[in-house]
Amino acid sequence: MKLTIVSRMLVSGFAVATILGITSLNADTQSVSAEKSLTTQQGKAIDQNLGFTTVIWARTAWQATTGTNCDDTLGTRTLEQNAKDLQNRGLAGVGGIVVTRTYDYTSCFRNYMTTASWSQIADLRDDYGWKFISQGMEYKNMTLMKYDSQRRYESLDTLPILANRGHTSAWGAFNYANNKQDAAAQRIVTQGFAFGRKYGNGKNTKTVATKYPYIMNTNSINGGRCHNKDLDCYDMKVVNDRRSTGVDIMQKLLSPGKNEWSVIQFYRLVEGKRGKIGDGFAWDCTSSNWRNRWTSQPELTCRESFLEAFDGRTTRSNNVDPATVARLWGVIPKNRQ
């Protein structure tokens, strides 16, 4: 459904002001209207007394792999298996799509992961209630771009492609490749996307998120070293010296309060035990104490910790995609697709 945007006019009692490509309606009035029509990803009415939770999956990676042609997947989880885990807990995910890396078949990317096909993405949407947002046309560093035409191609030009595939709420957020963004990139992206992902503690408030450049503060959940100082995994070698994100941190994020929006991002899940410390593709997720678990790569997270975090939530929340938050909080991009 197209939305006609009119600047500096009164439309049906709504005060409308256009600022750098974003139209913000009177927040109180729109929230009341939106509350009546918008739903969670499970189709339930929005409860304004609860906070909001968004569970993002970076680049919609289908499965962690190793070996030639991604042929070794022992101990790794598919994205559909992760979707079932979420569904069993009354939740659904939000996938980030890199358009030119997505094909009509599951593809091997640099031997370390497979990427979901268009049909698998559609199945996640139709069978599990997932939503999808853009992670760029080619997953390029926008801070290195010289021209707006390059910036538009990488960001805005993905919207009609995704909409034609049935992902009509992709405008809710843009995932900048590798967190790289500058003022020039934000100026273009905010013309078509409600929010832009930026890594941080994952906590968002309406006051901050509805101000330019409309940051969607996102906690990147990492694997890596364990938390037990008495174990060898505490100071083992890991890319960027990453330490696994604590289950306690995840549980707090997944329990937002009223008027709070938590955004948490996963990459690829593994389970059980594989290999040993020093191997390039290894982990030990078997301990009952999450502080003892480790993975050899930052983008690998123990399923055991993932489940423990979701099962340890202390409050209920509205499980929503970014576009739903944008509507509720009155942030509608001018060039909405």
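Guide: Buried means under 20% relative accessible area. This model is predicted.

Visitor: How many residues of strand E14 are buried?
Guide: Strand E14 covers residues 260-266. The cut-off is under 20% relative accessible area. By that cut-off the strand is mostly covered, and the buried count is 6 of its 7 residues.

Visitor: Which residue in E14 is the bridge partner of Thr 54?
Guide: Strand E4 spans residues 51-57. E4 and E14 run parallel, joined by 6 bridges. Within E14, Thr 54 has as its bridge partner Val 263.

Visitor: Do E12 and E14 run parallel or antiparallel, and what is the bridge partner of Thr 205?
Guide: Strand E12 takes in residues 203-205. Its 3 bridges to E14 are antiparallel. Thr 205 is partnered in E14 by Glu 260.

Visitor: Through which helix does the chain cross from E13 to E14?
Guide: Strand E13 (residues 215-220) runs parallel to E14, with 2 bridges between them. Asn 219 stands opposite Ile 264 in E14. The β-α-β crossover from E13 to E14 is right-handed, and its helix, residues 247-253, is H8.

Visitor: Which are the edge strands in the open sheet of 3 strands?
Guide: The order is E5-E8-E7, with antiparallel pairing. An edge strand here pairs on one side only. That description fits E5 (61-64) and E7 (107-109).

Visitor: What does the twist average from one strand to the next in that sheet?
Guide: The sheet has the order E5-E8-E7. From one strand to the next, the average twist is 30°.

Visitor: Which residue in E8 is the bridge partner of Cys 108?
Guide: E8 holds residues 113-115. E7 and E8 pair antiparallel over 3 bridges. In E8, Cys 108 is matched with Thr 114.

Technical notes
Residues are numbered from 1 along each chain as its sequence is written. This is a predicted model: local features need pLDDT of at least 70, side-chain atom pairs count only at pLDDT 80 or more; totals for chains, interfaces and linings use all residues. Side-chain values use heavy atoms; hydrogens and water are left out. Buried means under 20% relative accessible area, exposed over 50%, partly exposed in between (1.4 Å probe, protein chains only). Helices (H or I, at least four residues) and strands (E, at least two) are DSSP runs, numbered from the N terminus. Two strands pair if DSSP finds at least two bridges between them. A crossover is right-handed if, with the strands pointing away from the viewer, the path from the first strand over the helix to the second runs clockwise. Axes are lines fitted to C-alpha atoms, for helices over the stretch in contact, and angles run from 0 to 180 degrees between N-to-C directions.
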